Every structure is written in C-alpha cells, then in structure tokens.
Amino acid sequence: MAPEHTRHPAGTPDWHTLRIDAALQALHADLQGLTSAEAAARLARHGPNALPEGRSRSVARMLLDQFSDFMILVLIAAAVVSGIVGEPSDTVAIIVIVLLNAVIGFTQEWRAERAMAALRMMAAPSARVRRDGAVMTLPADGLVPGDVVLLEAGNVVPADLRLAEAAQLRVAEAALTGESQPVEKRTEALAEARLALGDRGNMAWKGTLVANGRGTGVVVATGLATELGRIARLLESAEEVKTPLQKRLARFGARLAWAVLAICAIVFAAGLLRGEPPVLMFLTAVSLAVAAIPEALPAVVAISLALGASKMVRQNALIRRLPAVETLGSITYICSDKTGTLTQNRMRAEAFFAEGDESPAEPWPSLFRCMALVNDAVADATGALAGDPTEVALLQAAIAHGVDRAALESQLPRHGELPFDSERKRMATVYRMAGTVRGSGRPLPEEAYLACVKGAPEAVLERCTWRLTPRGPVPFDVADALAQAERMAARGLRVLAFAERRLDALPADLAEAETGLTFLGLVGLMDPPREEAAQAVDECQAAGIVPVMITGDHPATARAIAERLGILDRGGRVVSGVELAALSDADFAAQVRDIRVYARVDPEQKIRIVRALQAAGEFAAMTGDGVNDAPALKAADIGVAMGRGGTDVAREAAHMVLLDDNFASIVHAVREGRRIFDNIRKFIKYTMTSNSGEIWTIFLAPFLGLPIPLLPIHILWINLVTDGLPGLALAAERAERNVMQRPPRRPDESIFAHGMWQHMVWVGLTMGAVCLLLQAWSIHHGGAHWQTMVFTVLCLSQLGHALAIRSERDSTFALGFWSNPLLMATVVFTLGLQLATIYVPALNPIFKTEPLDWDELAICLVLSTVVFFAVEAEKWLVRRGLLYRSVPAR
C-alpha cells in the first residue's frame, strides 16, 4: 500500500508507475482522444473539472455565532443590569462594544470562502484537447478522465495528466510541491510507488505552469480528485483554532462571573443584616456587579491589537486577523517553508571547481566563457536577465567574472546546438571561430569551430578525455572529478559540468562534437539563504522559539540551507516525506519536538506536523507562500503567508502576510505580539485590582460596623472613568526591556501567572484598607464629608496604581512619568474630572458629593499615593529576586 502522503482513493492506480499504454488501457482511451459522446457520458459520471463551492452558513447563523462567546454573554448581562440601575450611558457603551466585536468576527467568516475562490482561479480556463481525432480548444471544466491534452510553454495545466510525450518539457511546480526550479518531465514509467509529488516526473499537476517545451498527456484526475482538489478539501476541512488570548479570556470570564455573583449576594445579605434599606442594598449589589465586570476589556483587547497591527504594517507585516498579533507572542515553533521564505527564490552560482585556485590563468577564463556561451538566457531592454533560472545564474556569474557576452557573441557566432533533454542530461552549442583563441597560442584553420558543453556531471565527464590546466590539456581522471561533484552535491548544490572541444571542421553529425571533450570545471548552484534570515533565526532561538524548516525540496538541499542558517546542527537529522509517512502517530509524537528539517513533504504531512506539535502542547506558526502551504497555514496557531511571492490561496488562508516576504519580519511581529500581551495583562491587572479595591471596601465595611462607604453612582463613576480611560492608555505602553530574551509563554499558562493574582489581592486589600481607615477616622472625628473623601481616595489610588504597573519590574521613576504621554495625559484628565465632581456645584447633587476643605483634600492626595509607593516596593523586591521568582527575567 502507498504511504499516507501518496495514498489514492481505493481502486485508483499509481499512474506514475504505469507505462503510458497501460495507463491508456486503464482509462479505456487512446492518444487519438475520446469521442464527444464518450466525453459527455464521462462528464455526467465524474462531474465537471472544477473545485466546488465549500459549505456555507447563512448570514443569520454567522451573526448569531458572534454572540456565543461567554465573555460577550456576560457583557450583555451587564448591559441589562446597567439599564435596571438607571445608567443608560453604561448600557449604550456595552452594547456598542458588543456590536463592534460582532462586526469584526462576522467579517472574518468570509476568509475561507475567499481562499476557495483563489484556488478556483488557479484552474486553467481553457485547454487544447484532442477529441474525435481533431485538436480543439475547450473550457477546462469540461475535461474528463481519458481526454488527451496538448501542452506548450505558458499553459496552466488544466487537470492531473500522465504524460505521453515530452519535448524539453519543464513545469513550474513551486506553488504545489515547493520545488524551487521548473521540473524536467519525461514519459517513462517509474518503478517506485512511494514517491512525493515532486519526484513523479512523468506527471503534470492541475494548476501548475508549463515553463518550457511542449507535451501531451492523458487526463487521469479532474476536479476534487486532482492533487489541487485534495488541497481544496484539506483547506475546507482545516479548522481554525482559538488563540491563546481567546482561551485565556474565556476561562477568565467564566470564573469572574461566578465570583462576582457570589460576592454581590454576600454584600446584599450583609447589608440587610446590618439594617440597610433593601432598595439601597439591591442597587449597591447590582452596581458592584456592573463595576466588577471589566466591560472595557474587549475594547482594550481590540484597540491593543488594532494599534499593534497598524504598527506592524509599517514593519511589513499585514495582520489579516487581529488576535494573531497576540498569538505571535505565544508561539514556540515556527515551521517555515524554505523556497522564497528562508531563501531568495533565485539561483546563484555558489561554488566552482577547476584546476588550481581561481586566477586569470586557464582553465578559469575558458570556464567562465563556456558558462556564458552554452546559455540561452537573454537581457531585456533594461539589461535585466531573463530565461531559465539556472542559465540566468550562470550568466550572472560569468559576467561578474569579467565576461563580455555581447563581445563573445560577435566574435563567436553560434553555428548549431544540441538542446538539453532529460535523456541526454546535457546541452551543446557550436561556434565558428577566427584568428586565435586565448589559451591555444596557435593559429586556427580557415574554418575552425568551438563546441561548448554543459550538463549533469555523469553525462559530461564520461565524454571528457582531457583536462585543461595552465600548462595546457593533460589526461583526465574521471573518477576524481565525479568524486568532487558528489561532494558538492552533498552540500545541497545543483552541480553542472562544463567542457569544450576545438574542431578543425564541422562534423556532419553535431553529436560528434560531444566526444573527446576537454574538461573545464564544475559549477555548484543553489537558491541561497536570504541575508537577514540567519540573524532572524538567531533571534528566534534567543527568544526560546524553535525554527523548523518544512520543504518540498530535496533533503540534501534542505540540509545545506538549514545548516547555513543555524536551524540544523552539522550532521543533524533530516526527515523525508517517505520516512515521515512510515512513522506511526505514536512514534512521530515522541520525536516531533526534536526534528528540525523536513524534506519532500506534501500538504497533508504539513498539517500532520503542525497538529503533532499542537498535541505536544506547543504553539506552532507556519510560514509559506504556495498553494501547498494553505491547509497548514489555516490549521496552524498562526499562519504567515508571503505577500510578494506568495499565492492568493496562501494569503487568504493565513492569519498574517509578510509584505516584504522577509522571514526577519516575523521577529518584529513576535516582539510586537509579546508587547501587546504584556499590555493586555497590565490592563487586566489594573482593572481587576481596581475592582478588587471597590469590592473589599464595600464588602468589609458592614463587618467593621461602618455604613456602606460608596453609593451606586460612585461605583459606576469609578468604573466608567478610572477603569476605562487609564486602562486604555496602558495599551500604548512600550515593550519591557529584553522582551525577546525570555522564553515564550506556555500555551496553558494562566493569565494570572507570575504573581498577578497575588498582586490583585494584596493591592485591592490595600486600597480597601486605606479607604476604610479614612472612613473610620473621619466618622470618629465627626467629619461630614467622609463619603466624598472615600470616593476621592479610591478614585485617585487607582490612578496611582495605573502609573505604578507600567512595568512588572522597572521603577516608574526609571521609566519616566512622561515616557507614556497618553497615560500621563489620561491621568491628569481623570484627576480633573474627579475634582469637578467635588467642586462644580451643578455636579454635587448628581454625584452625591460635597466640596472638601483644603486640609481634607490634602489628606486625600497623600493617602492616594500609598498604593503607588507600595507597588514600587513590590517591584523593588521582584528586581532582587525576593518576590515572584517564577517571573521570567526580562
């Protein structure tokens, strides 16, 4: 049986293993094509050659789903309660927040449909088909198994084909298989059934592009039965996972709701036992419930993510889904495609081998001349080179070493050629010469010719008799050159051999020019790593993130790139798609954390890798640019697509798009994600500590024999002004020092980790204690304004708390009070509003306040700093490792 990554539907043969006559027999077809009647019957049986629409939900269903989140339900309940209390402004604010979240969520529902639409656009709109013995052009969706399709350069392959004819046929399959270079096609049957798509050289896949040559193939699969259709099914079935923030907020909201209900019930019962009016206690309990629910939290999260997304666009990272910003701060593995992501997606001559060190002496000038001559790359009007990527790279290298292509062509006009094909594995061009040729030192006959040959080492070296040296030609050792070629190939290089032969006369058969050759040298080519990728990999590793390469390219090439970038240690393990298919789920689960490079993998295996990492408790990001990456991009915790070189399908399926296709931009995104989550934590710490202070103040007063210290309007005012504005300003706080030198957050880590819940409890108790001590002192001394003083101290203490928690470790004095000008301006503005409720006569009856004497105000201002300095002392202990030692060093 075929392994998982090449498994076909039951009863479907491995087409690449069949001879073309056997394939035609299995399809009940021949190379003259089907009849129109038979094609119509097959179309009715197999359906159109198109990718169908995915399952869709009604608009009403999608809208209702936006209100199913527990936190949203709690907010709706809070809106109802606010209306009961008689505070319509709170009700309106909460409803606006809920609707804003619904609109954002509803918009995201269309992304999967757009991804499917992009896949459908890749399908060829028409195809040249042989039917009824004649060639005709038909809509591609009308193709059926058994149709004979004719291909030529520039065509999009309209269906999966078993090739019957291939004349210098090369197909660009990077978007489907990850292979960086166009693949040479042939027609012979392949013996091995367990082959990745990129190794099935006698097949052409739907949606790929014919780069060169021409061919004929018989359709073996259409529509969803094609490899492109299989990806469409994977993309449709791949479920998006909730982000770490969504999971944490869901748990937080559920626990908070029950805790608030319990506390409010206790407050209500305690007030009744103390003899307070039932209506007052009911309104107080309800107000406390509204205040305790952080209704601004979704808005703060949305604003934080939106601001982060806006900043990331300036750093060439476009966020398609806001929660992805935060998810980047949690990822532990980045599974990156190689071609175009870690590499430049263009070939370059990386290594040369010839006699002696590179110098002006032979054979180096002849080698570079041969690289330029036996080459069909051309320059456009702007001087840019175009043509086969390998030939472009060879010509660029020759020009860089001083070869003047135009001068050569004028001195050596091309007289004939033997084109490259997959059987010969070499190319030869013949040039007419006059005068003398550098290095020969002898005059040439009236008719003299130069034959230049390039090709695979095994196809060229065996035809060489001589080796060119500074001293002239010497006998050639084939074994030594082959060994050198193998060493270069082991480094992941694509190796080509170059040779030449001088002819006194043009042979009748040009093939004779490929015998008795003089070996010039070897050239190793590679799609090189991006210059900034190695540094980005280092930064990822310093941040505790494991980079993993997943590619459809050859294992040797993958190893070479991974070792150069620092992803893989020398001699490290590279797992091929065939090896991965042979691993059981249990064996793979035991090894997945240790594997750094995967080669020759297919789309289903990419999803398997991502899901295995997720099952191991890791948060996996997947980067990629091809159609083959799209299902894994959607299944990953965060999918990162390439904006320039990427396909529409990948971009639609991804959570984030790199506008500059630069792997290093991910590092900036990770930094921003960590900063945003830190700031969201700060907001939760701020608002929940403030709510805790309010709850402790009201909850403990009856047990201490004190009257209820705050009225419902006071609670709602504090909730609206001090909780909201400064909390929102915390979203603009800068990143903590050394934010990229700490490990990622554990995916299962509580949002209250690293001393946060302890902080909320003791600071809330401190706020409550200061307020209750002030209340008791003022009542004891006959103060008439005790309630206004408690109201003011509680309000201003929360502002001081906002200033103190800007960093988990660093002192606010070290940060500078105005280093976050938005927060400082908000604190000043809120202070002004609070003083207005005290000293503006028109507001006194609304807020049930009375103007304070100057000494009373001074007492309030002094007591309001207690919390600020207490939190500064806490951070001093943290910096010295005496408190919250589990907090990661920053």
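Which residues are linked with E350 in a network of salt bridges? The network joins R348, E350 and R564. We will come back to this trio after a look at the whole chain. Keep in mind as you read that this is a predicted model.

## The chain as a whole

Let's start with the big picture. The chain has 890 residues, and 56% of them count as buried. Its secondary structure consists of 34 helices and 25 strands. About 35,500 Å² of the chain is exposed, with carbon and sulfur atoms supplying 60% of that area.

How do parts of the chain meet across the sequence? If you take the contacts between residues at least 6 apart in sequence, 73% of them join residues at least 24 apart.

## Salt bridges

Altogether, the structure holds 32 salt bridges. Three of them are set out here, each with the distance between the closest N and O atoms.

| Salt bridge | Closest N and O atoms |
|---|---|
| R19 and D21 | 3.5 Å |
| E350 and R564 | 2.7 Å |
| E458 and K425 | 4.0 Å |

Now back to the pair from the opening network. E350 and R564 form a salt bridge with their closest N and O atoms 2.7 Å apart. This pair links distant parts of the chain, since E350 sits in strand β10 (residues 348–353) and R564 in helix α19 (residues 555–565), 214 residues apart. E350 has a relative accessibility of 24%, so it counts as partly exposed. R564 is partly exposed too, with a relative accessible area of 42%.

The bridge between E458 and K425 has its closest N and O atoms 4.0 Å apart. E458 belongs to helix α16 (residues 457–460), while K425 is in the loop between β13 (414–418) and β14 (426–433), so this pair ties together parts that are 33 residues apart in sequence. E458 is partly exposed at 45% relative accessible area, and K425 is partly exposed at 37%.

The remaining pair in the table is R19 and D21. At 57% relative accessibility, R19 counts as exposed, whereas D21, at 44%, counts as partly exposed.

## A buried helix and a cis peptide bond

Is helix α13 enclosed by the rest of the structure or open to the outside? Ten of the ten residues of α13 (residues 364–373) are buried, so the helix is largely enclosed by the rest of the structure. Among these buried residues are W364, L367, F368, R369 and M371.

Another feature to find is P363, which lies in the loop between β10 and α13. The peptide bond from E362 to P363 is cis, with omega near 10°.

## Around T812

Next, find T812, which is located in helix α30 (residues 812–815). Is T812 buried or exposed? Its relative accessibility is 0%, so T812 counts as buried.

Which residues does T812 touch, leaving aside its neighbours within four places in sequence? The contacts are L803, A804, R806, F817, F868, E872 and K875. Take F868 as an example: it is 56 residues from T812 along the chain, and the C-alpha atoms of the two are separated by 9.6 Å.

## Cavities

K875 also appears in the lining of a cavity. The structure has three cavities of 30 Å³ or more, and the largest has a volume of about 130 Å³. That largest cavity is lined by 14 residues, and those nearest its centre are K685, E808, E874, K875 and Y884. Helix α34 (residues 866–879) gives the largest share of this lining, with four residues.

## A surface patch and two positive phi angles

On the surface, V313, L318 and L659 make a nonpolar patch of about 200 Å². V313 is part of helix α11 (residues 297–313). With a relative accessible area of 36%, V313 is partly exposed.

N316 lies in the loop between α11 and β8 (317–319). Although N316 is not a glycine, it has a positive phi of about 70°. N316 is partly exposed, with a relative accessible area of 32%.

H28 is another residue other than glycine with a positive phi, near 55°. You can find H28 in the loop between α1 (20–26) and α2 (36–46). H28 is exposed, with a relative accessible area of 67%.

Key
Residues are numbered from 1 along each chain as its sequence is written. This is a predicted model: local features need pLDDT of at least 70, side-chain atom pairs count only at pLDDT 80 or more; totals for chains, interfaces and linings use all residues. Side-chain values use heavy atoms; hydrogens and water are left out. Patches are made of residues with over 30% relative accessible area and no salt bridge: like charges are joined within 9 Å, nonpolar side chains (Val, Leu, Ile, Met, Phe, Trp, Tyr) within 5 Å. Accessible areas come from the Shrake-Rupley method with a 1.4 Å probe; for residues, only the protein chains shown count as cover. A salt bridge is a side-chain nitrogen of Lys or Arg within 4 Å of a carboxyl oxygen of Asp or Glu. Helices (H or I, at least four residues) and strands (E, at least two) are DSSP runs, numbered from the N terminus. Buried means under 20% relative accessible area, exposed over 50%, partly exposed in between (1.4 Å probe, protein chains only). Contact means heavy atoms within 4.5 Å. On a 1 Å grid over the protein atoms alone, a cavity is a set of points where a 1.4 Å probe fits but cannot get out, and a pocket is an open set with protein on both sides within 12 Å along at least five of seven lines; lining residues have an atom within 4 Å of a point. Grid points are joined across faces, edges and corners, and a volume is the space filled by probe spheres set on the points.
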